[in-house]
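Visitor: I would love a close look at one part of this structure, the sheet and how its strands are put together. Could you walk me through that part?

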Amino acid sequence: SEIVRLVVEATNTKAPIARVADILSSYFVPSILLIAILTFIGYLLFKFPISIAMTAFVNVLVIACPCALGLATPLAIVISEGWCAKKGILVKTSEILENAHKVDTIVFDKTGTLTYGNLKIAKLLNYSDFTDKEVLQKVCALEKKSTHPIAKAFTSLVEEKKLKIEPVSQFKNLPGIGIWGSIHKKEIYVGNSKLFKKLQMENKHKEEEEKLSRLGNSIVYVIEDCKLLALIGVKDVIKKEAEKTIKELKQLGKEIIMLTGDNEQTAKIIANEIGIEKVIANVMPKEKTKIIKNLMQEGKKVMMVGDGINDAPSLASANIGVSVNNKTDIAADSADVIFMQDDLGKMKDLIDRSHKTIKNIKQNLFWAFFYNVCMIPLAIGFFKPLGLSINPMFSALAMTMSSLTVVFNALRLRK
């Protein structure tokens with residue numbers, strides 16, 4: 001029902017190009033009425049019988065076709081939005097469908113967007129007196145309350161290793177850093193290297209962090225009461241369609257940027273594998289929004305692609321926000337486009353569909369105008385000296401054919 005509601009709302013919105021057609025129609029209809037009246041008066045002035053003057057008057061009114069102009073845009077938009085919905089691409093407004101192909105810069109989040117977010121623990125370096133299992137129990141207790149994709153790497157271990165989960169009395173998300181919670185009155189932090197700066201601690205394990213990063217691991221530190229317990233390397237898997245999608249978008253002339261809160265070394269390893277040259281790493285959620293706005297201030301039309309709570313502000317700030325995962329409500333609410341299946345391949349479908357829709361609308365508008373430019377002079381009687389004239393019955397048929405031309409052209413978008 002939510003999908004149906006979104007599609008109905010989208011079809012009830014007007015694309016900017018539809019407003020142009022409305023403005024043209026608002027001038028077109030009074031102009032036709034005026035031309036019809038002037039034609040009638042002209043025939044009478046030239047001493048034609050009133051029956052011939054009336055026939056010419058009716059011809060002009062019947063043959064002129066604001067219907068084709070009115071159908072040109074909404075029909076193409078509705079058909080394309082229906083096509084997108086069938087493909088699992090929910091476009092919230094007609095304006096987004098019109099403008100998607102105009103985007104020149106596409107910014108991707110990394111975890112959960114370019115990668116599956118199905119992270120696995122690759123390495124655990126334990127610096128504490130606790131056993132590895134006890135360290136993981138503390139981490140899992142906190143991560144169970146987190147919505148970040150990294151949490152999945154730990155929560156999947158609870159049943160697998162039969163870990164005992166202690167109750168967390170307090171919990172807090174630290175955007176761009178990690179999470180914090182209290183277990184048995186002990187403060188536990190789980191997150192990236194920014195924790196050291198926040199807690200004013202010295203990081204004595206940068207060398208181990210760099211080694212793990214070089215192997216493509218995301219880094220997770222575990223700190224209890226300002227004492228480092230462990231360093232954990234978590235590995236993600238790149239989505240199978242990511243490389244192909246990036247290649248296709250580049251062929252369309254789009255600039256591709258990876259924007260992530262992960263460390264630069266890990267981000268660049270992922271980026272190199274899928275063909276992204278520009279990487280902006282170690283970015284806090286607030287900074288993501290700022291970077292998006294800076295790109296827009298440079299005159300770029302920016303599409304942001306993400307999936308999580310941290311991406312919501314930047315999805316809302318971009319010209320077009322795309323959520324590739326409808327499981328995170330706030331990301332889906334902030335986005336202009338929602339992919340119902342977690343499939344990056346739909347990026348090309350969206351841009352291609354936008355381009356085809358606008359092309360189709362322009363064709364419809366051209367044929368509507370071309371028809372009127374050709375047929376109105378015939379209806380007035382300009383070609384009578386050449387033996388060409390038309391009666392109202394055939395004028396009505398010609399007007400119907402004009403509308404049908406637009407309808408059949410728009411229906412091609414169903415394929």
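Guide: Happy to; here is the sheet, strand by strand, followed by a short look at the cores.

This is a predicted model, in which local features need pLDDT of at least 70 and side-chain atom pairs count only at pLDDT 80 or more, while totals for chains, interfaces and linings use all residues. Residues are numbered from 1 along each chain as its sequence is written, and side-chain values use heavy atoms, with hydrogens and water left out.

The sheet is open and has 6 strands in the order 3-8-7-6-5-4, with antiparallel pairing. Strands here are DSSP runs of E with at least two residues, and helices are runs of H or I with at least four, numbered from the N terminus. Two strands count as paired if DSSP finds at least two bridges between them. At the edges lie strand 3 (120-126) and strand 4 (170-174), each pairing on one side only. From one strand to the next, the twist averages 20 degrees; axes are lines fitted to C-alpha atoms, for helices over the stretch in contact, and angles run from 0 to 180 degrees between N-to-C directions.

Let us start from strand 4. It is joined by 5 bridges to strand 5 (residues 178-183), and the two run antiparallel. Leu174 stands opposite Gly178 of strand 5. Strand 5 in turn pairs with strand 6 (residues 186-191) over 6 bridges, again in the antiparallel sense, and Ile179 has Val190 in strand 6 as its bridge partner. These two strands form a hairpin with 2 residues between them, and His184 in the turn has a positive phi of about 55 degrees. Next, strand 6 and strand 7 run antiparallel, joined by 4 bridges; Tyr189 has Ile223 in strand 7 as its bridge partner.

Helix 10 (residues 206-214) packs on the sheet, where it touches strand 3, strand 7 (217-224) and strand 8 (227-235). Contact means heavy atoms within 4.5 Å. The direction of helix 10 makes about 150 degrees with that of strand 7.

Now the cores. The largest nonpolar core has 64 residues, and those with the most contacts inside it include Ile106, Phe108 and Met303. Its largest share, 13 residues, comes from helix 16 (residues 346-380). Another core lies apart from it, with 25 residues, among them Val139, Phe154, Val220 and Val234. Such a core is a set of buried Ala, Val, Leu, Ile, Met, Phe, Trp, Tyr and Cys residues joined through side-chain atoms within 4.5 Å, where buried means under 20% relative accessible area (1.4 Å probe, protein chains only).

Note on methods
Buried < 20%, exposed > 50% of the residue type's maximum accessible area, 1.4 Å probe, protein only.
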